[in-house]
Amino acid sequence: MQQVTVLGATGSIGVSTLDVIRRHPDKYSVFAVTANSRVDELYQQCVEFQPVYAVVASASQAQALQSRCVQQGLQTEVLNGEEGLCQAAKAPEVDVVMAAIVGAAGLEPTLAAVSAGKKVLLANKESLVMAGALFIDCVRRAGATLLPIDSEHNAMFQCLPVTHGNGLSNVGVRKLLLTGSGGPFRTLPLDQFDAVTPEQACAHPNWSMGQKISVDSATMMNKGLELIEACWLFDTTPEQIDVVIHKQSIIHSLVQYSDGTTLAQMGNPDMRTPIAYGLAWPERITAGVDDLDLVQIAQLDFEAPDEHRFPCLRLAREAFIAGGTAPAILNAANEIAVEAFLHRRASFSDIARINETVLNKLEVWEPKDLGVVQKADALARQTALSLL
Ligand code: NDP
Ligand code: MG
């Protein structure tokens, strides 16, 4: 029986993770669930899964949830804050941690799981973007197992040989092909970008996701963050990664080999597939996902990305190449810009503008330790806010 902590249990990935776990009560048991604002949903999860810990943001929320749990006769202990999240991530009983908090808030708890040598299912790409070198170093030192849950990286992982840790070129890999749907505005003319609403941006054509990643998909910052994520996960550089727009989201990414072979991982766009793969790896379990019906799909389309209309992809590549704290700066600016757009304090096109201005304005530092990364993150947030 594997004990699983689900960080960000009330979110889109968290709920899908619990759905897969629900299907396999003989294999997985929920050790901890965590939330930020959706405390009622977290309470329902406590009733169903009876975890050892539930974690909420504040002490007052924890007190309220604790009394509800006691009234219900549950043994669940309610913790709070970052300390509570880290405790749930690194507890000795825990085998697997699903890292599915959104944004920079996921960094410390994800690193706590990594430092404790857990099997970490990584959905929270922002943590790897912010602190890539420190993160990967920590995985190696702690002997943690890092499995990508982001569908594209999970696809690449599935198409790579198990020995790829020694460098992609050594196993005959020529290129990683990172696919993206192009988001809801794939064909929208640039002069209409300013009028886009948060509702339109969050209505992704293929995937149902949290608001932040939905907006990132619409600006294609998501593909940029994924480019950086792939560089760290597979120890490569942007030159070895081509972004391909594939509007149906059936091929989740591909690996091209030097002998002319190209391997693709395909499936319906449902995150329960990569989640189930991560949970069961190297085995396979059912995920509740329908089989792919190729005849019904009938057609798969591909095109090159348009970096003129979607500059965030270029910005991410530049940030990775600049190195140091540049990706953390870009990530932080983007979090502020997306939040402002969702609250109608910035236009859709402002997101790319703010990201570019902050990235170009701030000095890049050597990320010696987490403190430097956090300082760069804070300064970038402050700078982005001042632009608003
Ligand atoms: P959601 O917004 O749906 O969920 C985010 C989760 O994080 C919620 O449980 C939320 O709690 C919690 N959370 C938010 N802020 C904080 C905070 N400050 N402290 C602690 N917990 C917090 O996001 P998604 O599930 O869509 O995405 C999660 C991560 O997975 C992101 O990094 C995203 O990029 C990545 N990802 C998501 C995919 C998807 O299909 N959704 C695909 C690939 C990657 P609450 O709800 O209670 O407020
Ligand atoms: Mg993805």
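**Exercise 1. Work out whether Asn334 is buried or exposed, and find its side-chain partner.**

Step 1: Asn334 has a relative accessible area of 0% in this predicted model, so it is buried (buried is under 20% relative accessible area, exposed over 50%, partly exposed in between, with a 1.4 Å probe and protein chains only).
Step 2: Asn334 belongs to helix 14, residues 326-342 (helices are DSSP runs of H or I with at least four residues, strands are E runs of at least two, both numbered from the N terminus).
Step 3: The partner is Asn355, whose side chain makes a polar contact of 3.1 Å with that of Asn334 (a polar contact is a pair of N or O atoms within 3.5 Å; within protein, one must be able to donate a hydrogen and the other to accept it, and residues adjacent in sequence count only if both atoms are side-chain atoms).

A quick note on the ground rules: this is a predicted model, where local features need pLDDT of at least 70 and side-chain atom pairs count only at pLDDT 80 or more, while totals for chains, interfaces and linings use all residues. Residues are numbered from 1 along each chain as its sequence is written, chains are lettered from A and ligands numbered from 1 in the order in which they are written, and side-chain values use heavy atoms, with hydrogens and water left out.

**Exercise 2. Identify the donors of the magnesium ion (ligand 2) and their spacing in sequence.**

Step 1: Asp150 (OD), Glu152 (OE) and Glu226 (OE) coordinate the ion at 2.1 Å (donors are N, O and S atoms within 2.8 Å of the metal, or 3.2 Å for Na, K and Ca; water is not among the atoms, so sites may look incomplete).
Step 2: Written as a pattern, the donor residues run D-x1-E-x73-E.
Step 3: Now check the cover. Asp150 is buried, at 8% relative accessible area, and Glu152 is buried with 8% too.

**Exercise 3. Describe the surroundings of ligand 1.**

Step 1: There are 23 residues around ligand 1, and Thr10, Asn36, Ser37, Arg38 and Glu126 come nearest (a residue is near if one of its heavy atoms lies within 4 Å).
Step 2: Sort the shell by class: 11 residues are nonpolar, eight polar and four charged.
Step 3: Look at oxygen atoms of ligand 1. One is 2.8 Å from a side-chain N or O atom of Thr10. A backbone N or O atom of Ser12 sits 2.9 Å from a ligand oxygen, and a polar backbone atom of Ile13 is also 2.9 Å from one.
Step 4: Taken alone, ligand 1 exposes 890 Å², and the protein buries 88% of that (accessible areas come from the Shrake-Rupley method with a 1.4 Å probe).
Step 5: Helix 1 (12-22) and helix 6 (125-142) are the elements giving two or more residues to this shell.

**Exercise 4. Place Asp306 and Pro25, and say how well each is covered.**

Step 1: Asp306 lies in the loop between helix 12 (294-297) and helix 13 (311-322). Its relative accessibility is 29%, so Asp306 is partly exposed.
Step 2: The Asp306 side chain makes a polar contact of 2.9 Å with the side chain of Arg309.
Step 3: Pro25 is in the loop between helix 1 and strand 2 (28-34). With a relative accessible area of 56%, Pro25 is exposed.
Step 4: From C-alpha to C-alpha, Pro25 and Met1 are 8.7 Å apart in space, with their positions 24 residues apart in sequence numbering.

Methods. Nonpolar A, V, L, I, M, F, W, Y, C, P; charged D, E, K, R; others polar.
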